[in-house]
Amino acid sequence: MLFQIFDAFKPRLHDSNSKVNQVALEAMHKMIPLLKDHLSPVINMLIPAIVDNNLNSKNPGIYAAATNVIQALCQHLDTSLLLQPFCTKAQFLSGKAKQDLTEKLA
């Protein structure tokens with residue numbers, strides 16, 4: 001069930017319409033404390049959708065929402081669940097996204 005929900009939700013996290021993208025990130029931020037470690041089955045699908053484009057966005061609202069989501073993941077999930085997906089993404093990012101994710105890894 002969780003996979004079906006997030007399969008449908010994931011495209012909104014990198015929607016070409018910036019308002020849709022930002023609202024999806026803000027909704028994700030609200031969902032994380034409620035779902036916590038129940039997100040573990042979908043975390044490898046969610047991290048790229050959250051990080052790709054959003055952490056390097058020139059839109060301050062999208063960037064802020066993405067950093068809030070990353071912060072919420074770090075606060076509410078077992079950090080061992082985040083280590084591998086964060087490392088994998090950090091290898092291939094550039095700019096402030098790479099810096100932000102590297103700081104979270106440290």
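This is a short talk on the fold, the helix packing and a few individual residues of one protein chain.

Let me say at the outset that what we have here is a predicted model, and that everything I describe is computed from that model.

I will start with the chain as a whole. Its secondary structure comes to six helices and zero strands, so that, reading along the sequence, we meet the pattern α-α-α-α-α-α. For the overall dimensions, the C-alpha atoms fill a box of roughly 35 × 30 × 20 Å when it is taken along the principal axes. The radius of gyration is 13 Å, and because a compact globule with 106 residues would have a value near 13 Å, the two agree.

Turning to surface and interior, 36% of the 106 residues count as buried, while the chain exposes about 5,900 Å², of which carbon and sulfur atoms supply 56%. As for charge, there are 10 positive and 8 negative side chains, and the centres of these two sets lie 6 Å apart. On the contacts, if we take those with a separation of 6 or more, residues 24 or more positions apart in the sequence account for 63% of them.

Now to the helices, and I would like to begin with helix H3, residues 43–51. How many of its nine residues are buried? Seven of them are, and H3 is accordingly described as mostly covered. The buried residues are Ile43, Met45, Leu46, Ile47, Ala49, Ile50 and Val51, and they pack against helix H1, which spans 2–9, as well as against H2, H4, H5 and H6.

Helix H6, residues 95–105, has Ala97, Asp100 and Leu101 as its buried residues. Seen down the axis of H6, these buried residues fall within an arc of 90°, and therefore they line one face of the helix. On the other side of H6 we find Gly95 and Glu103, which are exposed. What, then, covers the buried residues of H6? The cover includes helix H3, helix H4 at 60–76 and helix H5 at 79–92.

Just ahead of H6, in the loop between H5 and H6, sits Leu93. With a relative accessible area of 12%, Leu93 is buried, the cut-off for that label being under 20%. Leaving aside its neighbours within four places in sequence, Leu93 is in contact with Val51, Lys98 and Leu101; of these, Val51 is one of the buried residues of H3, and Leu101 is one of the buried residues of H6. I would also mention the pair Leu93 and Leu55, which are 38 residues apart in sequence and 9.5 Å apart in space, C-alpha to C-alpha.

Next come two residues in helix H2. Asn21 has its place in that helix and is buried, with a relative accessible area of 6%. Which residues does Asn21 touch, if we do not count those up to four places away in sequence? They are Arg12, Leu13, His14, Asp15, Asn54 and Ile62. Ala27 is also placed in helix H2, but it is partly exposed, with a relative accessible area of 28%. Ala27 and Ala49 are 22 residues apart in sequence, and their C-alpha atoms are 14 Å apart in space.

Finally, a word on backbone geometry, where the background is that most residues other than glycine have a negative phi. Which values of phi do we find at Lys36 and at Asn53? For Lys36, phi is near 45°, a positive value in a residue other than glycine. Lys36 lies in the loop between helix H2, residues 18–35, and H3, and at 41% relative accessibility it counts as partly exposed. Asn53 has a positive phi of about 70°, although it is not a glycine either, and this value occurs just after H3. The place of Asn53 is in the loop between H3 and H4, and its relative accessible area of 61% is why it counts as exposed.

To bring the parts together, we have a predicted model with six helices, in which the buried residues of H3 pack against H1, H2, H4, H5 and H6, and in which the loops on either side of H3 hold Lys36 and Asn53, with positive phi at Lys36 and at Asn53.

Terms used:
Residues are numbered from 1 along each chain as its sequence is written. This is a predicted model: local features need pLDDT of at least 70, side-chain atom pairs count only at pLDDT 80 or more; totals for chains, interfaces and linings use all residues. Side-chain values use heavy atoms; hydrogens and water are left out. Helices (H or I, at least four residues) and strands (E, at least two) are DSSP runs, numbered from the N terminus. The radius of gyration is taken over C-alpha atoms; the globule rule is 2.2 Å times the number of residues to the power 0.38. Buried means under 20% relative accessible area, exposed over 50%, partly exposed in between (1.4 Å probe, protein chains only). Contact means heavy atoms within 4.5 Å. Accessible areas come from the Shrake-Rupley method with a 1.4 Å probe; for residues, only the protein chains shown count as cover. Lys and Arg count as positive and Asp and Glu as negative; His and the chain ends are not counted. The place of a charge is taken as NZ of Lys, CZ of Arg, CG of Asp or CD of Glu. The arc is that of the directions from the helix axis to the C-beta atoms.
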